[in-house]
Amino acid sequence: MRHLISPLDFTVEELDKLFDLANDIERSPAKYAHAAEGKILATCFYEPSTRTRLSFESAMLRLGGQVLGFSDAASSSASKGESVSDTIRIISSYSDICAMRHPKEGAPMVASEKSEIPVINAGDGGHQHPTQTLTDLLTIRSMKGRLDNITIGLCGDLKFGRTVHSLIHALVRYENVKFIFISPEELRIPEYIIEMLKAENIPYEEVVRLDNVLPNLDLLYMTRVQRERFFNEEDYIRLKDFYVLDKAKMELANQDMLVLHPLPRVNEISVEVDQDPRAVYFKQAQYGVYVRMALILTLLNLV
Ligand code: CP
C-alpha cells in the first residue's frame with residue numbers, strides 16, 4: 001500500500017507514467033468512466049477548500065466510484081477532541097482511499113502511519129501540497145512541453161506558501177531549472193529551502209521587484225498572500241497587495257511565458273489578465289482533475 005505525503009514519494013519515472021495516464025484520461029475520458037467502480041474516496045478536510053476537495057470528488061465520480069467525507073473540522077468529531085489517528089482508523093473501514101487536508105503540518109503523515117488505506121496529503125499547514133504540485137507539473141509538461149530547461153519565477157507569499165515549497169522540491173529533480181524568488185522581505189522563501197538549493201548547486205535569485213525579472217521568465221507562478229497564516233491583521237493588510245500582475249506588467253514578459261497560480265486568487269492577478277493566452281491558471285485547475293484521477297487509479301492499483 002502506498003500513500004502520497006510528499007511530492008518526492010514518486011520517482012521522476014513514476015511521475016512521467018502518472019502524467020502520461022492523466023493525458024490519456026484527458027483525451028479519452030470514456031475509457032476510464034468505470035475504472036474505480038465499487039471504490040469509495042473519503043475527503044477529510046479540516047481546512048477550507050474549493051479546488052482540491054471538489055476536484056478529488058469529481059475525479060472519483062468520473063472514475064465511476066463514490067465519495068463521502070467532511071469539509072469542515074467543526075462538523076466532524078475533531079470538534080469533540082478526536083485525534084487524526086483515531087479518525088483514520090474509522091475512515092479506513094468506511095472507504096478505500098482518503099484525501100486529507102489539515103492545518104497542522106505532518107497530520108496526514110501521522111494518519112498514514114495508522115491507516116489501512118492509501119492516504120493522500122491534500123495540504124498540511126504551510127508545509128506541502130503534493131497534489132497541487134502534480135497539477136502544476138502536469139500543466140507545465142502539457143503546455144510547455146518540458147519540465148527541464150526552465151526559468152521559473154515564484155512570486156508572493158514564499159514563506160508560508162505550501163504550494164511553492166512542494167513545487168520547488170519537485171522541480172529540483174529536473175535538469176537545468178533556475179528559480180527566481182520574488183517576495184517582500186517578510187515573506188522570503190524559508191532558509192531550509194535555500195540551504196537545499198545551495199547544497200545541490202541549483203541556481204536561484206531572490207528579488208523584491210517583479211518588473212525587473214519578468215522578461216527572463218519561462219514561467220511565472222503567482223501566489224496569494226494568505227490571511228489565514230498571519231499572526232496579525234496589520235501585517236497582512238500591509239503586504240496583501242504588494243504584487244498585482246496586470247496587463248502593463250504582462251507586456252514586459254515573453255510571448256511564451258505562462259502564468260500559473262494554484263488559486264484562489266485575491267488581487268494579485270488583475271482579472272484583465274485572464275484574457276491573455278499566457279494565463280493558464282483556470283486550465284491548470286482542470287488538469288487537477290485529470291491528475292487526481294490518475295493518482296487514484298495508481299494508488300488503488302487499478303492500472
Ligand atoms: N489550490 C488549492 O489548494 O485550492 P483550494 O484551497 O481551493 O483547495
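Here's a short chat about the ligand and the spaces in this predicted model.

Me: Which residues are around the ligand?
Reply: First, the ground rules: this is a predicted model, where local features need pLDDT of at least 70, side-chain atom pairs count only at pLDDT 80 or more, and totals for chains, interfaces and linings use all residues. Residues are numbered from 1 along each chain as its sequence is written, and side-chain values use heavy atoms, with hydrogens and water left out. Taking residues with a heavy atom within 4 Å of the ligand, you get Ser49, Thr50, Arg51, Thr52, Arg101, His129, Gln132, Pro262 and Leu263.

Me: Why does the ligand lie between domain 1 and domain 2?
Reply: The bounds, from an automatic or database domain assignment, are 7-127 + 288-299 for domain 1 and 131-284 for domain 2. The ligand lies between them because its shell takes residues from both domains.

Me: Which side chain has an N or O atom 3.0 Å from a nitrogen atom of the ligand?
Reply: We're after polar contacts, meaning pairs of N or O atoms within 3.5 Å. Thr52 puts a polar side-chain atom 2.7 Å from a ligand oxygen, and Arg101 has one 3.0 Å from an oxygen atom of the ligand. For the ligand nitrogen, the partner is the side chain of Gln132.

Me: How many residues of the shell around the ligand are charged?
Reply: Here Asp, Glu, Lys and Arg count as charged, while Ala, Val, Leu, Ile, Met, Phe, Trp, Tyr, Cys and Pro are nonpolar and the others, Gly among them, are polar. The shell has two nonpolar and five polar residues, and the number of charged ones is two.

Technical notes:
Polar contact = N/O pair within 3.5 Å; in protein donor to acceptor, adjacent residues only side chain to side chain.
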